[in-house]
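Open the model in your viewer and keep the selection panel at hand. The stops below follow one another through the fold.

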Amino acid sequence: MRTRALIVVVLLLLAGCSGGGGGDGGPVTLRFQSLAWQEESVRAGKELVKEWNATHPDVKVDYIQGSWSSVHDQLLTSFEGGEAPDIIHDASDDLADFAYGGYLADLSDLLPARLKSDIRRRSWETTTFGDGVYGVPFLQEPRVLVANATWLKRSGVRIPTPELPWSWAEFRKITEQLSGDGRYGVAWPLKEPVSATLNLSLSAGGQLFHRAADGEVTVRFEVGDEVVPRTIHDQAGTDHSASPTTLGSGGSDTLPGFFGGRYAMVPLGFSYRQQIVQQAPKGFDWQVLPAPAGADGLAQGVSPQTLSVAEDSRHKKEAAAFIDFLLRPENMVRLALGDWMLPTGTQALADPALHTTKDDWATGTALAAHLRPAPAQSVRGYPEWKDKVATPAFQEYYSGAIGLGELRERLEKDGNLVLARYQR
């Protein structure tokens with residue numbers, strides 16, 4: 001009997017020391033899953049983890065490499081299996097279902113006042129669901145036009161600035177002016193057309209998702225929502241100023257043609273500058289231009305990268321403390337530079353390193369004040385709506401297979417059937 005009792009005691013002690021450590025006064029071990037993939041950003045993240053571990057012997061952080069391509073399904077599996085990392089790197093438009101599903105911790109009372117006040121309210125809106133805050137938005141990127149500077153200069157077109165951008169109508173005329181002889185004014189990489197279309201549509205007053213007083217969300221494709229899709233559709237199908245072959249391509253796929261002088265401009269995320277610096281042929285002169293402006297100016301939707309804490313984590317306070325360390329202004333600058341993106345923190349955004357003319361950092365930083373939460377940010381069921389309804393509908397519209405009327409009907413009729421299942 002004494003032997004049996006001793007075994008039980010040992011097993012209980014071992015159980016108390018599992019699940020992240022910290023039992024019986026031992027050191028706590030936190031698992032931090034990062035989705036950083038560019039060499040510079042991976043190095044910055046690992047260096048910061050090393051610096052934390054060197055100064056916090058009681059709370060050790062293990063760096064785990066994740067992947068953007070599989071993060072949603074991977075997290076869902078780990079949540080349901082009780083094996084989620086303590087600190088989770090993701091994007092804000094992926095958080096709604098996890099937050100409402102009870103998988104993420106409410107950080108409202110865990111974050112220090114310094115961090116709360118340093119990040120703008122609009123950024124916090126991207127991670128606020130109901131009355132809780134389920135992630136810290138820390139990196140964001142506007143969509144910009146990356147242009148062949150030599151081509152534009154020779155053409156004599158007006159070069160837009162954040163202070164005097166092109167309108168969508170002007171942008172269409174200029175791309176037509178730049179086209180001809182097998183060359184195109186623009187190449188739209190729209191393999192994933194939904195976020196690009198919806199986020200850019202904010203500039204024209206597009207909203208698409210409308211929330212009623214009772215919280216129910218419906219899709220309405222209105223006048224402001226038409227501007228960007230019609231521009232792209234007409235450039236590709238009417239003006240022949242947009243390459244039809246790139247509509248099904250990813251951003252990286254357009255770079256060889258861009259470098260080869262086939263396209264004057266490519267709309268890309270701001271972070272693509274890193275690939276351009278690495279891959280552009282010697283002597284290739286490029287520049288960053290703001291995306292066109294509409295009725296609401298340069299307004300643009302973004303889904304910031306986020307850091308969250310798993311609800312099942314036994315060490316939420318320690319995890320929040322690590323996030324606070326990771327996002328100190330000087331550290332946020334390091335992460336932003338490593339990912340070639342913009343920080344959400346106001347102190348970090350003011351750093352001189354992000355306002356240089358080299359690699360057009362200053363152009364992107366000038367757009368930060370115009371960034372808004374992506375239209376689908378808090379919509380439950382958005383991933384399914386995007387994959388099953390919106391992506392095929394936009395792809396068919398841009399290719400000319402369907403017209404604007406059918407696009408509207410599919411987004412609204414089919415889309416609202418999907419969303420309704422998540423709002424019962």
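Select β6 (residues 136-140) and β15 (342-343): these strands run antiparallel and are joined by two bridges. Strands (E, at least two residues) and helices (H or I, at least four) are DSSP runs numbered from the N terminus, and two strands pair if DSSP finds at least two bridges between them. Leu139 stands opposite Pro343 in β15.

This is a predicted model, in which local features need pLDDT of at least 70 and side-chain atom pairs count only at pLDDT 80 or more, while totals for chains, interfaces and linings use all residues. Residues are numbered from 1 along each chain as its sequence is written, and side-chain values use heavy atoms, without hydrogens and water.

Widen the selection to the open sheet of six strands, in the order β2-β1-β3-β14-β6-β15, with mixed pairing. β2 (59-65) and β15 stand at the edges with a single partner strand each, so one side of each has no neighbour in the sheet.

Next, pick Pro137 in β6. Pro137 is buried (under 20% relative accessible area, 1.4 Å probe, protein chains only), because its relative accessibility is 0%. Beyond four places in sequence, its contacts (heavy atoms within 4.5 Å) include Ile119, Trp124, Pro304 and Thr344.

Now show helix α14 (residues 329-339), which lies across β6, β14 (305-309) and β15 and runs at about 45 degrees to β6. Angles run from 0 to 180 degrees between N-to-C directions, and axes are lines fitted to C-alpha atoms, for helices over the stretch in contact.

Definitions and conventions:
Buried means under 20% relative accessible area, exposed over 50%, partly exposed in between (1.4 Å probe, protein chains only).
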